[in-house]
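Student: Hi, I have a model open and would like to talk it through. Could you show it and take my questions as they come?

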Amino acid sequence: MRAAAGVVEAVFREEHGRLLAALVRRFGDLDLAEEVTSAAVEAALAHWPVDGVPERPGAWLMATARRKAVDRLRRDRVYAAKLALMRVDSVTELPEGADFPDDRLQLFFTCAHPALPEEARGALTLRCLAGLSTAEVARAYLVPAATMAQRIVRAKRKIREARIPFRVPGADELPQRLPGVLQTLYSIFTEGYATQRADLAEEAVRLVRILRRLLPAEREVSGLLALMLLVHARWEARVGPDGALVLLDDQDRGRWDTAMIAEGLSLVPRALTGGPAGPYGVQAAIAALHVEAVDVATTDWRQIVALYDVLCALTPSPVVALNRAAAVAMRDGPVAGLRLVDALSGEERLRDYAPLHAARADLLRRAGRAAEAVVAYGRALELAVTEPERAHLRKRLDEVGGTT
Amino acid sequence: MLLINAGVAGGAEPVCEVEDWQVFDKAVREAGIFVSGESLADLVTATTVSVAGDGTRTVVDGPFAETREVLGGFYVIDVPDLDAALEWAARCPGSWGGGSVVVRPVADFGA
């Protein structure tokens, strides 16, 4: 019994997005698709422990969900007439064992449609493609479940009433629409880091893997997957035994996930060749240079600065400029870096950005200006959000002789 | 419905000509999606009416353009989905150079 329940869970995780996407395409209604998807899973939980797990659990779930959708449409005739009477016939004819096509790609584009509020895009992606419950999505974004439920309901209402289509953009629109989808997936990943939830970061990696399978020719998808893998491979090493954040320089490289690094590295050339590189490919290349070096001293900082120059041209932002300044400091020394960081500190967006003050403090410390470093660490500590970050800053502050 | 918020012409060169509007208008009609549409007269001719809770009617001149954008006209078009509507909105000269076009579905009260 327990085994069957475990299988349902595993199948659900694997098949939920595909099931939902296929049903959305068939019936054109996200709510109906969600309803029958969960009804099918409930049926599986009831039947599988008794009858055994079917040979092709995904196909079984699909057939059951379709039947339930057809029943529901027959019951609600007005609804049926409006929605999908024509499609229903073709639905019933599909043989039970037949495999169903993978329609998840269109769901990716629908969930990340630019007409939806940004905050809803990640939530909807987690709900529809990852199969997380509303409560789980709420936990991921650290908001009350009621708030998240409302956000999702509102987004679904907009999809329905503004008629946001379930479709994959054509080749001419793809360059315009794909970055939004990648941004949504990357923000799920960074949310995992902000909330220190490895499972959420891993879910983002899993979703990008699926996207890559669906769009194998898109180099930026490979770039994003490479970037995520190369960053996530260091997850274990980035927090010390005392709970403080461990910066790249001091990480125990033995704790890096070598398999994940190997996979990430293998994707980088694919992301960078065959045309001009995109921002994720370039960031993956930077991450690759970091993990390939034995230590900080032998890291190819010249190459990293050059890549940051490319990135600055592709996506100019003060945050990118700050990272570039840190790389310049490694290449040319702390004073050169400090000059760049100070030039940036006037930027509105960076004034209260903890990493800027932390970077400035580090450079001051390395330049031997301890008193100024103390002030800068103090400011960074005030602004830092996560506890490991704060613990790291407190440690540094102690080292330069400040008191916490 | 496409609500056209034309950008107020600043000192810069005009971003669209009358011909651009004619081309767009022709395209909308020829695509067979045109339901209705009007361009509105200048804002100085506008008048605003509001009725308070006690029935008092207030009529004022305006609205004055407090933002840089004013409603300049509208199109009601019949297209299958939002992406198609956005495509037409982007082709509308009103969305160019500082202007914008707001896309709103017309409410369907279940006819």
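Tutor: Happy to: we can go through the chains, a pocket, some ring pairs and the annotated domains.

Student: Before we start, what kind of model is this?

Tutor: This is a predicted model.

Student: Okay, how many helices and strands are in chain A?

Tutor: Chain A has 20 helices and zero strands. Its C-alpha atoms fill a box of roughly 75 × 45 × 35 Å along the principal axes. Of its 404 residues, 50% count as buried.

Student: And what does chain B have?

Tutor: Chain B has two helices and six strands. Starting at the N terminus, the order is β-α-β-β-β-β-α-β. Of the 111 residues in chain B, 24% count as buried.

Student: Switching to pockets: how much space lies in the second largest pocket?

Tutor: About 1600 Å³. The lining is made up of 42 residues, and those closest to the pocket centre are A:Ile159, A:Arg160, A:Glu161, A:Ala162 and A:Arg163.

Student: Which elements give two or more residues to that lining?

Tutor: From chain A, they are α1 (2-27), α2 (30-51), α4 (77-83) and α9 (145-161), and from chain B, β5 (69-77) and α2 (82-91). The element that gives the most is α9(A), with seven residues.

Student: Where does this pocket lie with respect to domain 1 and domain 2 of chain A?

Tutor: It lies between them, because domain 1 (1-87) and domain 2 (104-166 + 174-195) of chain A both give residues to the lining.

Student: How does the lining of that pocket split by class?

Tutor: There are 23 nonpolar, 17 charged and two polar residues.

Student: New topic, aromatics. How many aromatic pairs are there over all chains?

Tutor: The count is eight. Take A:Phe189 and A:Tyr193: their ring centres are 5.1 Å apart and their planes stand at 45 degrees, so the pair is tilted.

Student: Where do A:Phe189 and A:Tyr193 lie, and are they buried or exposed?

Tutor: They both lie in helix α10 (residues 174-194) of chain A, four residues apart, or about one turn of the helix. Both A:Phe189 and A:Tyr193 are buried.

Student: What about B:Phe34 and B:Tyr75?

Tutor: Their ring centres are 6.1 Å apart with the planes at 80 degrees, so this pair is edge-to-face. The pair links distant parts of the chain, with B:Phe34 in strand β2 (residues 34-39) and B:Tyr75 in strand β5 of chain B, 41 residues apart.

Student: And how do B:Phe34 and B:Tyr75 count for exposure?

Tutor: B:Phe34 has 25% relative accessibility, so B:Phe34 counts as partly exposed. B:Tyr75 is buried, with a relative accessible area of 7%.

Student: Back to chain A, which residues do ring pairs link into a cluster?

Tutor: The cluster holds A:Tyr186, A:Phe189, A:Tyr193, A:Trp235 and A:Tyr280.

Student: Last thing: what does UniProt annotate at residues 111-159 of chain A?

Tutor: The unreviewed UniProt entry gives "domain: RNA polymerase sigma factor 70 region 4 type" for residues 111-159 of chain A. In the model, that span is 69% helix and 0% strand, with its end C-alpha atoms 9 Å apart.

Student: And which annotation covers residues 177-271?

Tutor: That one is "domain: DUF6596", again from an unreviewed UniProt entry and in chain A. Residues 177-271 are 66% helix and 0% strand, and their end C-alpha atoms lie 18 Å apart.

Definitions and conventions
Residues numbered from 1 in each chain as written. Chains lettered and ligands numbered in written order. Predicted model: local features only at pLDDT ≥ 70, side-chain atom pairs only at ≥ 80, totals over all residues. Heavy atoms only, no water. UniProt positions renumbered as here; feature names shortened; annotations may be inferred. 1 Å grid on protein atoms, 1.4 Å probe; cavity = no way out; pocket = protein on both sides within 12 Å on 5 of 7 lines; lining within 4 Å. Points joined across faces, edges and corners; volume = space filled by probe spheres on them. Nonpolar A, V, L, I, M, F, W, Y, C, P; charged D, E, K, R; others polar. Domains from an automatic or database assignment. Phe/Tyr/Trp six-rings, centres within 6.5 Å; stacked < 30°, edge-to-face > 60°. Buried < 20%, exposed > 50% of the residue type's maximum accessible area, 1.4 Å probe, protein only.
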